[in-house]
Each structure stands twice: as structure tokens, then as C-alpha cells.
Amino acid sequence: MLVSEQATMGITLYQNHAGQLLNDYVLADSFIPYTSIVGGIFASKVVYDLTRTISSIYFKSYASLSKMQRVEWNNRAISTLHAIYIATISLYFVFWSDLYSDQFAGLITLRCSQLSTFALGVSVGYFLADLGMILWFYPALGGFEYVIHHLLSIAAVAYAMFTGEGQLYTYMVLISETTTPGVNLRWYLDAIGKKRSRAYVINGVVMFFAWLVARIILFMYLFYHFYLHYDQVKQLRSFGLFLVSVVPLVLTVMNMMWFVKIVKGLKKTIAKTQ
């Protein structure tokens, strides 16, 4: 009985000690950016390995893919899960959370929280891991435009995370990640020979509307919000003002270019089914 009580006390002391270390270091304000970035990189690696293992067991088409196709298959699984994660977090902060509400005093461009900072850090970790893969296998996983996209994303998200400035507009931009699962599904269907399937056509239509809402209309809303709150935006530091002004503008141009390709691709797909 005494041994059992001592074991229980030992476990309790260990849990308390571990919890204290977690709060003092991992979740401390000064450590959150770094631990979240490492967490994002580690999570990307775990998802890649799990995807490779699960796909080799449950997807017969996986074995017939080339080595580079299997790499991209695994890589797109990471981007899909990241997109679901960050789009959900972004929608919450932009439309449901009170963190950036106009009803409260204070500059919305300078508001942040432990959760908002941690969430951005995980995203920075993902972008770093994905950029590393893009450069390692360049240009198989994406060309020059993907490198530019990731560098801009890393710069903007990391700045918002470390300084707490412009996190609202960063999250608005990150909502656009809602289109990523559809883009990846389109690639998966093509890779397994389902390019002429009904699912491929439906995916193309859904992707068209998702892109229109999340990467065209949403960015128009962002610029409108930016205009309404410019008296607060202009109080950002020079580099922060540059990022929240230029990055969305560059991404808008890129989004429009990709949207044209989506429209052309959708027209070809529909034409082939008729």
C-alpha cells in the first residue's frame, strides 16, 4: 500500500514538474514563436511519413506512381492538412473571435494573443518545410512562382508572429488556403487516372467558386477593410506597413493569373465530357 502511494505521489510530482516546464518554457510568450515553428516543421515530417506508410498499404495506385509522383503525393497531403488547419483558425479569428473586433478600444493592427501567435508559428514551420522540399526537388514540386509565394508567405507570417503587428490581415490572407484541398484533390485524381471522371469535373466546378470567393472576393474585402482602417494601419512600422500593403497586392496578381488557368482548365474539362 505504501509503495502504491509513493508511486502515485511520484507520478503527481512528475506531472506537476512537466506542466511547470511546459508553461515556463514551451508556452511562455518569449518561446511560443520558436516552439510553434519547430512544431510545424515536425508535424510536416510526421504527416509526410504517415502518408507514405498509409498510402502504400491502402492505395493500390500509389505503388504504380513514379518516385517523384510519390514524393508529391506525400507533400500534397501535408499542404492539405495545413490548409484545413490554418483556414479554420483564420476563419475563427477574422469572423468569430472578438480579438479583432471594432467594438473594443485599441488598434486592431496591433492586437494578438498567445493562440494567434502560436497558430501563425505552426504555419511558418509548414511553409519552411514545404519551401525546403520545393527547393530540394526544384522544379518538380513547383516553379519560380511557388518559391516567390512561399518566401512572401514566410516573410509576412513570421513578421506578424514575432511582432504582433498586422495579424488580422495576415489571417485574412491565410483564409485563401481553403482552396488548397481542392487543388490537391484535382492532382490526386489526375495521378490515379481519374481525369475524365465525374468527380474530376465536380472538383473543377467547386474549385472555381472556392477560388472566386477565397482568393478574389476575399482579397477585395481585405483591401476595403484596409481602406476603412487606414488610420490604424499607417501606425505600423515601415516594414509592417510594407508587408500588409504589398504582399496582398502581389498575391492578388498571382491569384488572378492562376484563376485564369482554372477557368481555361474547367472549360476544357467540361468540353471533353460533352
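**Figure 1. The order of helices along the chain.** Read along the sequence, this predicted model follows the pattern α-α-α-α-α-α-α-α-α-α-α, and the count behind that pattern is 11 helices and zero strands. The chain has 274 residues, of which 44% are buried. About 15,400 Å² of the chain is exposed, and carbon and sulfur atoms supply 68% of that area. Among the contacts with a separation of 6 or more, 74% join residues that are 24 or more positions apart in the chain.

**Figure 2. A nonpolar patch on the surface.** The view shows Tyr92, Phe95, Trp96, Leu115, Tyr221, Tyr224, Tyr227 and Leu228, which together form a nonpolar patch with about 950 Å² of accessible area. Two helices, H4 (67–96) and H9 (198–228), each supply at least two residues of this patch, and H9 gives the most, with four residues. Tyr92, one of the patch residues, has its place in helix H4. Is Tyr92 buried or partly exposed? Tyr92 counts as partly exposed because its relative accessibility is 40%, a value that lies between the 20% limit for buried residues and the 50% limit for exposed ones.

**Figure 3. Helix H9 and its kink.** Helix H9, which gives four residues to the nonpolar patch, is 31 residues in length and reaches 44 Å from its first C-alpha to its last. This span is close to the 45 Å expected at 1.5 Å a residue. Where is the kink in H9 centred? The kink is centred on Leu218, and the bend there is about 30°.

**Figure 4. The surroundings of Gln232.** Gln232 has its place in helix H10, which covers residues 230–233. With a relative accessible area of 13%, Gln232 is buried, since buried residues are those under 20%. Which residues does Gln232 touch, if those up to four places away in sequence are not counted? Gln232 touches Gly106, Leu107, Ile108 and Thr109. For one of these partners, Ile108, the separation from Gln232 is 124 residues in sequence, whereas the two are 7.4 Å apart in space, C-alpha to C-alpha.

**Figure 5. Salt bridges of Asp49 in helix H2.** Side chains of opposite charge can pair when their charged atoms come close. The structure holds four salt bridges, and this view shows two that involve Asp49. In one, the side chains of Lys45 and Asp49 meet at 3.4 Å, N to O. Lys45 and Asp49 are separated by about one helical turn because they are four residues apart in helix H2 (residues 32–58). In the other, the side chains of Arg52 and Asp49 meet at 2.9 Å, N to O, and these two residues also lie in helix H2, three residues apart, which is about one turn of the helix. Asp49 has a relative accessible area of 22% and is therefore partly exposed, and Arg52, at 40% relative accessibility, likewise counts as partly exposed.

**Figure 6. A salt bridge between buried residues in helix H4.** Glu72 forms a salt bridge with Arg76, and the closest N and O atoms of the pair are 2.9 Å apart. Why are Glu72 and Arg76 separated by about one helical turn? The reason is that they are four residues apart in helix H4. Glu72 is buried, with a relative accessible area of 13%, and Arg76 also counts as buried, at 15% relative accessibility. Elsewhere in the structure, salt bridges that share partners join Lys45, Asp49 and Arg52 into one network.

Technical notes:
Residues are numbered from 1 along each chain as its sequence is written. This is a predicted model: local features need pLDDT of at least 70, side-chain atom pairs count only at pLDDT 80 or more; totals for chains, interfaces and linings use all residues. Side-chain values use heavy atoms; hydrogens and water are left out. Patches are made of residues with over 30% relative accessible area and no salt bridge: like charges are joined within 9 Å, nonpolar side chains (Val, Leu, Ile, Met, Phe, Trp, Tyr) within 5 Å. Accessible areas come from the Shrake-Rupley method with a 1.4 Å probe; for residues, only the protein chains shown count as cover. Buried means under 20% relative accessible area, exposed over 50%, partly exposed in between (1.4 Å probe, protein chains only). The expected span of a helix is 1.5 Å times one less than its number of residues. The bend at a residue is the angle between axes fitted to the seven residues ending there and the seven starting there. Contact means heavy atoms within 4.5 Å.
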